[in-house]
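This report describes one residue site and two helix packings. Please look at the sequence and the model first.

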Amino acid sequence: MFLKNIFSVFLLFCFSIVSSQELLPFVENFTKSEYNGDNQVWNVVQGNDNAMYFANNHYFIRYNGVKWEKYSLPNKTIIRSVFVDGDKIYCGSYREFGFFKRVEGKMVYTSISKINPKLFSGNADNEEVWKIFKKGSSIYFQGFNEIYVYDGTAIKKIRFPEQISYCYVIDNVIYVATVRKGIFVMNGETFTKMPNWNLAEGNIIHSIEKKGGVFYIFTKNNGILVSNSAGKLENWNNPLNAIIKDNVITAGKFLDDKVLALGTGRNGLYVINLADNTYKNINRNNSIKNNTVLSIAFDKEKDLWLGLDNGISHIEINSPVSIFLDNSGLLGSVYSLAALNNGGHLLVTNHGIFTHKNKQLNAIPNSQGQVWDIYKEGDRFIIGHNDGTFLYDGNALQWKNPVNGGWKFLKSQYDNVYFQANYTGIAVYKDINDLTKVTKLDKLNKPIRNIAQNKPGEIWAADNNRSLYRITYSKDFKVKEVENISSTNKISGDYGVKIFNFRNEILFLINNVWYVYNGIANKLEEDKIFNTAFKGISDIIPVDDDQFMVVKASQLYLITAGKNDFLWKLLPEKYYRSKLILDNIQVYNDNGQLLVNLDDGFIAFTPTERSEKRQKISIEGFYDNELIDYNTKIKYNQSVEIDVKPEFYGFSRPDLTYTLNGSDEFLPVGNGHLTLNNLGGGKQELEVFYNDGKNNIKLGDFKFYVSSPWYFSFWMILVYVLFVAIVFFLYYRWNKVRYMEQIKLNEEELKHRRQILELEMEAENKLRKQQHEKHMLEVEVQSKASEVAGKSLSIAKHNEMIESIQEALEVKQNTAELKSAIKKIIKTNTLSKNEWQSFEKNLVKSHEEFVDRLSKKYPTLTSKDIKLCIYLKMNLSSKEIAPLMNISYRGVELHRYRLRKKLDITQEESLTRFMINV
């Protein structure tokens, strides 16, 4: 049983064909869990505010590209129809119609049918409004039996002649499609049956369109009817009509003159190109979540919106991106791909080799296994397979050699050979027409992932795991040297080295740093241009000489290189989210259309310029679920919700960034909804930008004001001011008191110091006085001592002389001898000149300080004057001074008079006291 199952799987792999596998536009599906509504979506319209509006059973749904809003009618009835007129979104329901209008960030409903409470009486008791349209200035609310015309003030009710399906306004004419009796024209309250349109009788009409003068009538079960040149209806002469007829048409719309979108009840959506009668069928098997399409609308970008029996789908019908995904699991992860010569694609995957052509995915027999690489050489494809190297010529697959795990096939521009990086090194092919003849570069037995060359005799190789190698070889391809460049340059973390050949210069991405090789210095050097422009990328994929793709933060960018700069274009992540095969992304350039491999498929992307005029946004802010306006009071440290709403929902939707309060950091807007937390107080400004590939261009801004925290409110600030004022006042008073006390203390201290100073001065004066008195006493003592000495000397001499005279009187009897002896005694006892000079010298020395002061003060005094002054200081009288100075009494008096003149002393002033005080 096990072997039987294996064999069945093998046959399924080798021979199965999965039908209707085709490149399709990108589809964005929304389930009821996302929009939080009901299943059926009966009607879809786009408002003038760019938001999409949906009649979703019990709910009126609004989607602005950022968030969903849900509303109900007052009577909670099922909403069947929506219609846009200006800023009003009209709704039709069971026995109810009116309009929603956006007021302060919310949709507010106003009932029109309530104008006439008896409007739904009688036969209209069960009437539902299934369609709304406008003709002239009146709004028409259509049920299946009656129609209600609202002119802005009053409602007129008109009954149909037959039960109808829907009304359609074409060229300002109302066409009424009845269920049984064909199509009528409504003119006022009259109905005229369309002539020559009998073929429509008995059909339920789900749409009427007019293109190129031809009416297209979309019937539920009988396909499409068209009007001919005679104005008669006939079946649409197109092979697709039979296919469509079996799938129950539910809606039909022309996107332009050549593209028709048909919704069906059984097989999803058909997008038909009338120019070549080709079509794409978008259904549950490949894209949308439900096969029953209830309504179709297109937006300003001409993309489709489908209201499904269960959910909503947005189809980017005009996007330059198409996607092929195999939901069966047969294909596996695509590792490389190429365009077939006669149309279609060749895909190599971890399951084998496949062709995709004419909407068919075919597994090539005997190709199962891991396949890595495709190299197109003319009309042939060289394939690196886990089991060896294969050749595919468009019809058959041939095994050529056992070189397994061929990761990259490289044509040498210098050595006229082909190199192939593989599991065991590098293979060399000298003849591309004979792949059986293969040699190998010796001395290298490592799994080599990538190779590059920019001069003969040298090839660069990146190990599958780590290290970069420079391999030099001779003309006969004998390896001279295998040099581990990352090791010799002491670069750690050299895992998963990327090699990129750009304009004949090879660059190496090692551990997030770009290097080039300096052949002169024989070392790697950091490349300034690439390290500046492509910092932080995780992969780089070549496209052509001027273009390459990079992966940054899991997003793909197409880079176009100019002379001195690079133009970045983001391929939005929604097209490949979680489907990139990282470190093995391949890009194939199919005549300007870029094919990028994915898990279970690939993307086809045609680079186009985005028009600047399309980059329009609107910004709304919400606080506590209320729209922020000039009167909104946002509390401090509260969250603010910002919706950055696009004008377009598809490929033309700009990829936005924002800054807050002039920050230099540009943050991604993402899906357009931002939550700003931890906002400080004061004015806040959010600015939104998009990048044109080189520069960030401002698209809009949003300003709001956040209240300061309660502790920074007006009253609190007033309290703070008062508190600070009180503190300052108290501080002032306290300082003043301290100041006054300090002044008092200073005064007391000053007084105390003054008293101390006075006492010190008094004591000092007393001391000085005492010292002066002591000095005066010493002087006086000296003077007295001198005086005593002088007098003692004189007395001693006189005593000696008296004794000698007495002795002579006793001895000498003779008068003459006595007289002579007495004279001799007197002469002998007279002071000698030397004795007298010694006496005067001692006298002056004993009064040395007095003499110095006197000499300095009165420099004109003579030595004789000074002697007199000393005697006067000694308080000697003139009589006592006369013998000391060896002058008469009159001479002393005269000398004293002259001294008074020199000293400028009056007669009344005592000379003795003057001398004492000098």
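His 206 has a relative accessible area of 18%, under the 20% cut-off, so the residue counts as buried. The model is a predicted one. His 206 belongs to strand β20, which spans residues 205-211. A polar atom of the His 206 side chain lies 2.8 Å from the backbone oxygen of Ile 249. Ile 249 is also among the residues in contact with His 206 once neighbours within four places in sequence are left aside; the others are Tyr 166, Tyr 168, Phe 218, Lys 220, Thr 250 and Ala 251.

The two helix packings involve helix α10, residues 863-873.

| Helix pair | Axis distance | Angle |
|---|---|---|
| α9 (residues 848-857) and α10 (residues 863-873) | within 11 Å | roughly 125 degrees |
| α10 and α12 (residues 889-903) | 11 Å | about 100 degrees |

With that angle, α9 is oblique to α10. The crossing of α9 past α10 is right-handed. On the α9 side the contact is made by Phe 850, Val 851, Leu 854 and Ser 855, and on the α10 side by Ile 866, Cys 869, Ile 870 and Lys 873. By class, this contact has six nonpolar residues, one polar and one charged.

The angle between α10 and α12 falls in the range 65 to 115 degrees, so these helices are roughly perpendicular to each other. Here α10 contributes Lys 864, Asp 865, Leu 868, Cys 869 and Leu 872, while α12 contributes His 895, Arg 896, Leu 899 and Lys 902. The residues of the contact of α10 with α12 comprise four nonpolar, one polar and four charged. Cys 869 of α10 takes part in the contact with α9 and in the contact with α12.

Methods
Residues numbered from 1 in each chain as written. Predicted model: local features only at pLDDT ≥ 70, side-chain atom pairs only at ≥ 80, totals over all residues. Heavy atoms only, no water. Axes fitted to C-alpha atoms, helices over the stretch in contact; angles between N-to-C directions. Helix = DSSP H or I, 4+ residues; strand = E, 2+ residues; numbered from the N terminus. Parallel < 35°, antiparallel > 145°, perpendicular 65-115°, else oblique. Left-handed = near helix turned anticlockwise from the far one by under 90°. Contact = heavy atoms within 4.5 Å. Nonpolar A, V, L, I, M, F, W, Y, C, P; charged D, E, K, R; others polar. Buried < 20%, exposed > 50% of the residue type's maximum accessible area, 1.4 Å probe, protein only. Polar contact = N/O pair within 3.5 Å; in protein donor to acceptor, adjacent residues only side chain to side chain.
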